[in-house]
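Visitor: I'd like to walk through this structure with you, one side chain at a time. Shall we take a look?

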Amino acid sequence: MTATNSRTSEYPIDAMFLDRWSPRAFTGEIITEEQLLTILDAAHWAPSSSNQQPWRFIYALKGTEHFEKHLGLLVESNQEWAKNASALIFVISRSFSGDFSENKPRYTHSFDAGAAWGHLAMQARFSGFYAHGMGGIKHDEIRQAFAIPEGYRVEAGIAIGRLGDKSVLSERNQAREVPSQRMPLAEVAFNGKFIAN
């Protein structure tokens, strides 16, 4: 059992897994491109089926002309707090393998992109930052804004920044600004059977 950050695991995992969480309150301070590329470098070393490496990252640093464009491609409820992030990233995955003319879909592209997101989130913590993944993005508008071709899927958005005081958030988000808990392991891991719950 490991206990830290108001969380307790059932088994003796590394504390870093409990210390990583997805805050919304960021300081808004600048992240350098080198710092962000360090985080993205860790992400691109994630495991990958047949080493296809289907993940792609489109990033924008706070204080650049690209940041406002990225921010506008989030749903409004995420724009409210993500405006204080140091960087915004969109995760895209290549959904077809090999020669596109074969029109053969890759079954694991989203799974692999998720592994890259996990590496990114952990490297962000090792680097003194926090990462918050977002499903609340404008998928179709992102596809158009960046001319993303067929054969690629817009997966998610990510906000990265240094942890700020929750007073910068709306009242609603202040109440949510705590590390989330997890279901008991027995509700998600089954020995030799599947249980729909």
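Visitor: Glad to have it in view! Is Glu 155 buried or exposed?

Guide: Happy to start there, keeping in mind that this is a predicted model. The cut-off for a buried residue is under 20% relative accessible area. Glu 155 has 17% relative accessibility, so Glu 155 counts as buried.

Visitor: Which residue does the side chain of Glu 155 meet in a salt bridge?

Guide: The partner has a relative accessible area of 41%, so this arginine is partly exposed. The N to O distance of the salt bridge is 2.5 Å. The residue that meets Glu 155 is Arg 153.

Visitor: How many salt bridges does the count come to?

Guide: The rule asks for a side-chain nitrogen of Lys or Arg within 4 Å of a carboxyl oxygen of Asp or Glu. Arg 153 and Glu 155 meet it at 2.5 Å, and Arg 162 with Glu 29 meets it at 3.2 Å between the closest N and O atoms. The count comes to 2 salt bridges.

Visitor: How many residues apart are Arg 162 and Glu 29, the pair that links distant parts of the chain?

Guide: Arg 162 lies in the loop between β6 (152-161) and α7, and Glu 29 is in the loop between α1 and α2. Arg 162 has 22% relative accessibility and Glu 29 has 36%, so both count as partly exposed. Along the chain, the two residues are 133 residues apart.

Visitor: Over the ring of which residue does the charged end of Arg 162 sit?

Guide: Besides its salt bridge with Glu 29, Arg 162 has its charged end placed over an aromatic ring. The distance to the ring centre is 3.9 Å. The ring belongs to Phe 129.

Visitor: And the charged end of Arg 125, over which ring does that sit?

Guide: Here the charged end is 4.0 Å from the ring centre. The residue carrying that ring is buried, at 11% relative accessibility. The ring is that of Tyr 130.

Visitor: How many aromatic pairs are there, by the rule used?

Guide: Rings count as a pair if their centres lie within 6.5 Å. By this rule the count comes to 4 aromatic pairs.

Visitor: Is the pair of Trp 21 and Tyr 130 edge-to-face or stacked?

Guide: The ring centres are 6.2 Å apart, with 75° between the planes. Planes over 60 degrees apart count as edge-to-face. The pair of Trp 21 and Tyr 130 is therefore edge-to-face.

Visitor: Which parts does that pair tie together, and how many residues apart are they in sequence?

Guide: Trp 21 lies in the loop between α1 (16-19) and α2 (33-43), while Tyr 130 is in strand β5 (residues 130-134). Trp 21 is buried too, with a relative accessible area of 9%. The pair thus ties together parts whose separation in sequence is 109 residues.

Visitor: What is the pair formed by the rings of Phe 26 and Trp 81 called, given its angle?

Guide: Phe 26 lies in the loop between α1 and α2, and Trp 81 in helix α4 (residues 76-82), so this pair ties together parts 55 residues apart in sequence. Phe 26 counts as buried at 1% relative accessibility, and Trp 81 counts as buried at 1% as well. The ring centres are 6.2 Å apart and the planes are at 45°, so the pair is tilted.

Visitor: Leaving aside neighbours within four places in sequence, which residues is Pro 179 in contact with?

Guide: Pro 179 is in the segment after α7 and is buried, with a relative accessible area of 13%. Its C-alpha is 7.5 Å from that of Pro 23, although the two are 156 residues apart in sequence. With those neighbours left aside, Pro 179 is in contact with Asn 5, Ser 6, Arg 7 and Trp 21.

Visitor: What is the phi of Ser 6 near?

Guide: Ser 6 is found in the loop between β1 (3-4) and β2 (7-8) and counts as exposed at 60% relative accessibility. Its phi is positive, in a residue other than glycine. The value is near 60°.

Visitor: One last stop: about how much accessible area does the nonpolar surface patch with Met 183 have?

Guide: Met 183 lies in the segment after α7 (171-176) and is exposed, with a relative accessible area of 52%. Tyr 11, Ile 13, Phe 17, Leu 185 and Val 188 form the patch along with Met 183. Together they have about 600 Å².

Key:
Residues are numbered from 1 along each chain as its sequence is written. This is a predicted model: local features need pLDDT of at least 70, side-chain atom pairs count only at pLDDT 80 or more; totals for chains, interfaces and linings use all residues. Side-chain values use heavy atoms; hydrogens and water are left out. Rings of Phe, Tyr and Trp (its six-membered ring) pair if their centres lie within 6.5 Å; planes under 30 degrees apart count as stacked, over 60 as edge-to-face and the rest as tilted. Helices (H or I, at least four residues) and strands (E, at least two) are DSSP runs, numbered from the N terminus. Buried means under 20% relative accessible area, exposed over 50%, partly exposed in between (1.4 Å probe, protein chains only). A charge sits over a ring if NZ of Lys or CZ of Arg is within 6 Å of the ring centre and within 35 degrees of the ring normal. Patches are made of residues with over 30% relative accessible area and no salt bridge: like charges are joined within 9 Å, nonpolar side chains (Val, Leu, Ile, Met, Phe, Trp, Tyr) within 5 Å. Accessible areas come from the Shrake-Rupley method with a 1.4 Å probe; for residues, only the protein chains shown count as cover. Contact means heavy atoms within 4.5 Å.
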